[in-house]
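Grab a pencil and work through a few exercises on the structure shown here. Each task comes with a solution that goes step by step.

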Amino acid sequence: MKPIRLPEPPASPRRMGGVPDIFEGGVHGVIRRAVIIGTGFPASENQSIGLVQALGLSDKHTLYRVTRPRGGVNEWLHWLPVSLHKRLYYIISQICRLLLRSRARKLGPFPWENGGNAGLSSILEADVKSIVRMACETFEKDGPLLVVASGRDTISITSSIKRLASDNVFVVQIQHPRSRLDRFDLVITPKHDYYPLTPQGKEQVPRFLHKWITPHEPPDKHVVLTVGALHQVDFTALRAAAITWHEEFAPMPKPLLVVNIGGPTRYCRYGPDLVKQLTASLHNVLASCGTIRISFSRRTPAKHPYIVVKELGADPKVYIWNGEEPNPHMGHLAWADAFVITADSVSMLSEACSTGKPVYVVGAERCTWKLTDFHKTLRERGLTRPFTGLEDVRIPYSFSSL
């Protein structure tokens with residue numbers, strides 16, 4: 001069986017080792033190292049890592065994390081600013097140790113501690129002073145430090161680094177920080193984050209809440225708008241995944257339809273009825289598929305895989321990933337001929353659309369707020385189509401990838 005051959009991307013910048021054209025002739029002369037500040041959530045951190053990799057700094061960055069205590073009472077405190085949350089957690093834990101010292105010896109760690117025995121000290125914590133010191137002390141030798149962060153809890157960290165070392169750092173904040181964009185050198189955010197400023201968005205929010213929504217004002221010179229989320233899926237990553245997963249995927253009958261099932265979110269609520277609708281539609285397209293591979297996300301409710309296994313598990317054309325490592329996600333992206341994806345995940349949809357292959361969406365009509373704008377943009381650009389169950393997977397549609 002011959003190895004898969006992926007098409008060459010347009011204007012592939014081979015002499016720059018995969019660095020995009022916009023950075024040709026300059027990026028390594030200006031930025032030679034980076035710091036990534038994350039929160040431990042893959043969907044968020046992948047955006048920062050993807051940007052750093054695109055700049056050719058994949059082996060020249062350090063990852064820090066802003067972490068919150070988790071479990072028990074912390075689930076009621078996660079809406080607070082992270083610094084205040086940690087202080088309250090410390091006070092509560094100390095009070096409980098004093099009141100229940102003898103009992104605690106018998107019961108072990110309190111259920112509201114961060115991961116029990118694997119506490120906060122087990123994670124490399126983002127520290128403003130140490131990052132600022134490193135940026136200033138190494139500036140003369142290594143030039144400016146690129147700081148890339150994503151997630152609400154990173155905003156106070158990156159803005160403080162920018163304030164204390166403005167001449168020694170270039171700070172990029174991914175995802176909209178709500179207000180005061182001048183705290184950062186650059187903000188990268190999806191276009192649909194500005195949906196609250198549209199006439200439709202304003203109609204859906206009471207006037208007294210307008211100042212609390214994201215964002216506060218139209219994009220300015222600090223803002224770069226994207227269609228979807230940043231990620232790590234580029235030509236190089238797909239080629240590597242195609243080679244890694246060749247032995248498993250090459251013998252499979254084609255076309256290969258990959259189905260990614262997420263889970264309900266605040267802006268896209270659905271239940272078992274949508275999963276039953278999806279399985280019925282998949283039954284209808286089985287005739288045009290050589291293989292169907294189905295996987296789930298961390299957010300997928302437990303009853304949803306049960307429905308899928310019950311309805312499709314016995315069909316020889318269908319393979320359902322059981323969640324065990326290794327995760328075939330990158331293999332799916334590289335080898336799939338088409339995708340069916342639930343509407344809740346901006347990240348999964350952005351990755352699939354970047355492959356240039358057909359992407360069918362399930363449940364977009366159940367989305368609200370800014371996700372409606374996101375799906376509208378994808379459809380208008382011809383990137384996605386609704387999955388109806390009437391498709392012939394052997395006949396792909398084509399479009400320009402993100």
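**Exercise 1. Work out how β7 and β10 are joined, and what lies on the other side of β10.**

Step 1. Start with β7 and β10: they run parallel, and four bridges join them. This is a predicted model, so keep that in mind throughout.

Step 2. Pick out a pair of residues. Leu257 stands opposite Ala338 in β10.

Step 3. Now go to β11. Four bridges join β10 to β11, and these two run parallel as well. Here Thr342 stands opposite Val362 in β11.

Step 4. Add the helix. Together β10, α14 and β11 make a β-α-β unit, and the unit is right-handed.

**Exercise 2. Decide whether the two faces of β10 are covered or open.**

Step 1. Recall the general pattern: side chains in a regular strand alternate between the two faces of the sheet.

Step 2. Sort the residues by side. Ala338, Val340 and Thr342 are on one side of β10, with Phe339 and Ile341 on the other.

Step 3. Check burial. These residues are all buried, and both faces are covered.

Step 4. Draw the conclusion: five of the five residues of β10 are buried, so the strand is largely enclosed by the rest of the structure.

**Exercise 3. Place β10 in its sheet, then find the edge strands and the helices that pack there.**

Step 1. Write down the order. Six strands form an open sheet that reads β9-β8-β7-β10-β11-β12, with parallel pairing.

Step 2. Find the edges. These are β9 (318–320) and β12, each of which pairs on one side only.

Step 3. Note the twist, which averages 25° from one strand to the next.

Step 4. Look at the β9 end. Strand β8 (residues 291–296) and β9 pair in the parallel sense over three bridges, and the bridge partner of Ile292 in β9 is Val318.

Step 5. Lay the helices on. Helix α11 (residues 272–285) packs on the sheet and touches β7 (256–261), β8, β10 (338–342) and β11, while its direction makes about 180° with that of β7. Helix α12 (residues 303–312) lies across β7, β8 and β9, and runs at about 160° to β8.

**Exercise 4. Find out what Ile292 touches, and which core it belongs to.**

Step 1. Leave out residues up to four places away in sequence; Ile292 then touches Leu257, Val259, Leu282, Leu286, Lys317, Val318 and Tyr319.

Step 2. Turn to the largest nonpolar core, which has 59 residues. Ile292 is among those with the most contacts inside it, along with Leu257, Val259, Leu282 and Ile294.

Step 3. Don't stop there: a second, separate core has 24 residues, including Val82, Ala165, Phe184 and Val187.

**Exercise 5. Describe how α14 and α15 lie against each other.**

Step 1. In general, two packed helices are described by the angle between their axes and the distance between the axes.

Step 2. Apply that here. The axes of α14 and α15 come within 12 Å and cross at roughly 10°. That makes α14 roughly parallel to α15.

Step 3. Name the residues. Val346, Leu349 and Ser350 in α14 meet Leu371, Phe374 and His375 in α15.

Step 4. Widen the view. The buried residues of helix α15 (residues 370–380) are Leu371, Asp373, Phe374, His375, Thr377 and Leu378, and they pack against α14 (346–353), β11 (359–362) and β12 (384–386).

Step 5. Look just past the helix end: Gly382 takes a positive phi of about 75° just after α15.

**Exercise 6. Describe the open sheet that holds β3, and say how β3 sits in it.**

Step 1. Read off the order: this open sheet of six strands runs β2-β1-β3-β4-β5-β6, and the pairing is parallel. Its edge strands are β2 (61–65) and β6 (223–226).

Step 2. Check the partners of β3. Four bridges join strand β1 (residues 34–38) to β3, and β3 pairs with strand β4 (residues 169–174) over six bridges.

Step 3. Follow the chain. From β3 the chain crosses through helix α7 (residues 155–164) to β4, in a right-handed β-α-β crossover.

Step 4. Finish with burial. Leu145, Val147 and Ala149 point one way from β3, Leu146, Val148 and Ser150 point the other way, and all are buried. Six of the six residues of β3 are buried, so this strand is largely enclosed by the rest of the structure.

Key. Residues numbered from 1 in each chain as written. Predicted model: local features only at pLDDT ≥ 70, side-chain atom pairs only at ≥ 80, totals over all residues. Heavy atoms only, no water. Buried < 20%, exposed > 50% of the residue type's maximum accessible area, 1.4 Å probe, protein only. Pairing = 2+ DSSP bridges. Right-handed = clockwise from strand over helix to strand, strands pointing away. Contact = heavy atoms within 4.5 Å. Core = buried A, V, L, I, M, F, W, Y, C linked by side-chain atoms within 4.5 Å. Axes fitted to C-alpha atoms, helices over the stretch in contact; angles between N-to-C directions. Parallel < 35°, antiparallel > 145°, perpendicular 65-115°, else oblique.
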